[in-house]
There are 2 protein chains.
Amino acid sequence: MKEMKPFRELIDFETAKRIVMDNTRVMEKTEKVALRESAGRVLAVSLRAKIDVPGFRRGAMDGYAVIAEDTFGTTRTAPGHLRLMGKIFAGMKPDFRVESGNCAQISTGAPMPDGADAVVMVEETSLAGDTVSIYKPVYPGAHVSKKDSDISLGTEILTVGTLITPPITGVLAALGMDTVEVYSRPKVIIFPTGDEIVSPGDELDYGKVYDINSFTMANLLGEAGAELTVSGITGDSMDELKDCMDRCAGYDYALFSGGSSVGEKDLLHDVLSGKGEVIFHGIALKPGKPTLCGRIGETLVFGMPGYPTSCLSNSYVILLPSVRKMARLPWKVRQEEMILARKVVSTIGRHQLFSVKVEDGVAHPAFKESGAITSMSLASGYVEIPANVEYVEEGSTVVVNYY
Amino acid sequence: MKEMKPFRELIDFETAKRIVMDNTRVMEKTEKVALRESAGRVLAVSLRAKIDVPGFRRGAMDGYAVIAEDTFGTTRTAPGHLRLMGKIFAGMKPDFRVESGNCAQISTGAPMPDGADAVVMVEETSLAGDTVSIYKPVYPGAHVSKKDSDISLGTEILTVGTLITPPITGVLAALGMDTVEVYSRPKVIIFPTGDEIVSPGDELDYGKVYDINSFTMANLLGEAGAELTVSGITGDSMDELKDCMDRCAGYDYALFSGGSSVGEKDLLHDVLSGKGEVIFHGIALKPGKPTLCGRIGETLVFGMPGYPTSCLSNSYVILLPSVRKMARLPWKVRQEEMILARKVVSTIGRHQLFSVKVEDGVAHPAFKESGAITSMSLASGYVEIPANVEYVEEGSTVVVNYY
């Protein structure tokens, strides 16, 4: 029978992060999605415009399409007079040509009639019968958008890796695309692990706690563009864990929410060694020490700490950057410098992530204990304390990383 | 036959924003959603904990549950010796009591056995047969989490209006909730409007353009927590617009993507006047002047400018704050001060939103024309130029509002 044993060797936090990022490939798989479903996805192809946008010369103001020369010299007291030939609304194809002395009423966005080379704004005109009075000269090209003024046929308009934001959606729509090729989202399976874990909604017997980690991780990684599958609760047995590992194929990440410590029942390390490869086990990090990282084939496997704050905190600092890298999503932590309201004591040799609540521009320590989810739910973000720092004095300037 | 006519009176941008916000109620309707679906929603109830978390006293480290007094005076060279009574794993209920001279192996998170008042970390012990050697004293309470150390029964743990972030999901799970009462999402219906509009994917005849605005608005407002319905394309006729207005009931917002200008075919103002109430028509804003705001019963109705940049820009500065207010979502624009790379000329009397691209920490003007979606797709955000400013000099410090 195996004994409890301490971690053989902890690796430092920076090393752990680097190893995880080095082991994170970027997504190569792509899929076609409807433009309506493409918000937040990442373009998997470069796009060359197959049409001009607009595909025709158009009026850029409501007014009258004229030959600019016909307006030269006009003033409010000595207006020019042009004969109204017709009206062109947006979406219409003009079936006449504007000759000198004539004009056509035109709506914003409507095609310019042949012959006309400028638009006089309606505000600078008046209409009586079919005579339009022009109060102000315009230069050739005034209030006219030329064909391809927005996008020219053949231009490389969007490049691989572009994040589909609202304006980018607009460009894709302008080009007439109703589907778009994007990178597939990282597929993540979460195995809530532990004999003590019960699903929210179920009865809680003595000694049991509700499954928290599968919910916090799914929420966080879902926002980061992952496609989530959450398994049923898995007990602490070799057989159950082996079954889970056998189900990892096809997923980019398999996350075990607990069972990565070194207690006798923390079997994950041994099962993973048998099924795949352990990359590291144990980080000199507080909270978050009992973290296991490995792989089975193409699947990155993480044994997360069972304690809710340790699990979620590590999800922010280790899983999130990895998933976003794989998803090809741009990202940086939102940071702000501020004053620390109260002294924080750390542990030499362990990198510490200390929860703080920001109030009135000051960082107040908010950490309770790694078993307490309220350590994070009441916090705004965290401050990092390097492994070689023993304490941070009240009044020091710290960098808050927002959750 | 109606004539084209200029806007009667433009209202200034700040007034328009204030009117829209004043007319935006906050959501009162609530709904129950599964905890797994609750990310990003807003809590509609205050929650008082119905259980203690944890519901039992537990070990906070892997090690041995002891009576602290039994460890006093122990050292690595003169260890104490305790008899191992049993093992307690997480999720088990201990069925024995620890008496002086005895101890129990305990896993992190497992219930403390009666009698024991501290845990000695496994690192400070060794085991031979059923004898545990203790190398270091512990004080009473060491590495023990008391019952309710995270959350106490009866505490108001979450308040109405809390945004459900990953840590908050964790609190809800910890309390055993598998469903949660949240505010309903604002319901938005978009009517792509205009005889010139064609759906992406369809054939584009001369004088036609693809529908851009329903895509950009849906993408933006979807991210802001709105529940979107996009109607089929509506032509520029009284009857079609009336039909649309009759379908607004039950929606919080009805957005017409075009048809708010004053061209002869821009009938929206008249139809809205008949069906409901026009609040304002025309903003002294560039781009974005031809914007119509009104209401039909409880539904806020917007006639958005037809031009893509005008429409999306107004969606950012007017619709987005309104929808987020209704959804009760906290929000502020992400802003940064930087140097303007090139002089920008504005128009006295009109508030201007000028697209800029941020490169190397400098804001480069990126505006093309309001008809061009590339004005925004190539930009990082916008700079505001107040109505009474004629130009902003190269090298000035400006505030960039990120999209």
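In this predicted model, chain A can be superposed on chain B by a rotation of 180° with 0.1 Å of shift along its axis, and the RMSD of that fit is 0.1 Å. That is the relation of a two-fold axis. The two copies also use the same surface, since 100% of the contact residues of chain A recur in chain B.

With the arrangement of the chains in mind, we can turn to the backbone. Most peptide bonds are trans, and most residues other than glycine have a negative phi. Against that background, the bond that runs from A:K286 to A:P287 deserves a look, for this peptide bond is cis, with omega near -5°. To find it in the fold, follow chain A to the loop between strand 20 (283-286) and strand 21 (292-296), where A:P287 lies. In chain B, a cis peptide bond joins B:K286 and B:P287, with omega about -5°, and B:P287 is found in the loop between strand 20 (283-286) and strand 21 (292-296) of that chain.

What lies around this part of chain A? A:Q352 belongs to strand 25, which covers residues 351-359 of chain A, and although A:Q352 and A:P287 are 65 residues apart in sequence, their C-alpha atoms are 6.7 Å apart in space. If its neighbours within four places in sequence are left aside, A:Q352 is in contact with A:K286, A:S346, A:T347 and A:I385, and A:K286 is the residue from which the cis bond to A:P287 starts. Is A:Q352 buried or exposed? A:Q352 counts as buried, because it has 23 C-beta neighbours inside 10 Å, and a residue needs 20 or more to be placed in that class.

The backbone of chain B offers two further places to examine, this time through the angle phi. B:R328, a residue other than glycine, has a positive phi near 65°, and its place is in the loop between helix 6 (308-327) and strand 23 (335-340) of chain B. B:D360 is likewise a residue other than glycine with a positive phi, here near 55°, and it is found in the loop between strand 25 (351-359) and strand 26 (362-365) of chain B.

The surroundings of these two residues can be described by counting C-beta atoms. B:R328 is buried, because 21 other C-beta atoms lie within 10 Å, whereas B:D360 is exposed, because 7 other C-beta atoms lie within 10 Å; the cut-off for an exposed residue is 12 or fewer. A positive phi is thus found in chain B both at a buried residue, B:R328, and at an exposed residue, B:D360.

Note on methods:
Residues are numbered from 1 along each chain as its sequence is written. Chains are lettered from A and ligands numbered from 1 in the order in which they are written. This is a predicted model: local features need pLDDT of at least 70, side-chain atom pairs count only at pLDDT 80 or more; totals for chains, interfaces and linings use all residues. Copies are superposed by least squares on the C-alpha atoms of residues with pLDDT of at least 70 in both. Two residues are in contact if their C-beta atoms, placed from the backbone, lie within 7 Å. Helices (H or I, at least four residues) and strands (E, at least two) are DSSP runs, numbered from the N terminus.
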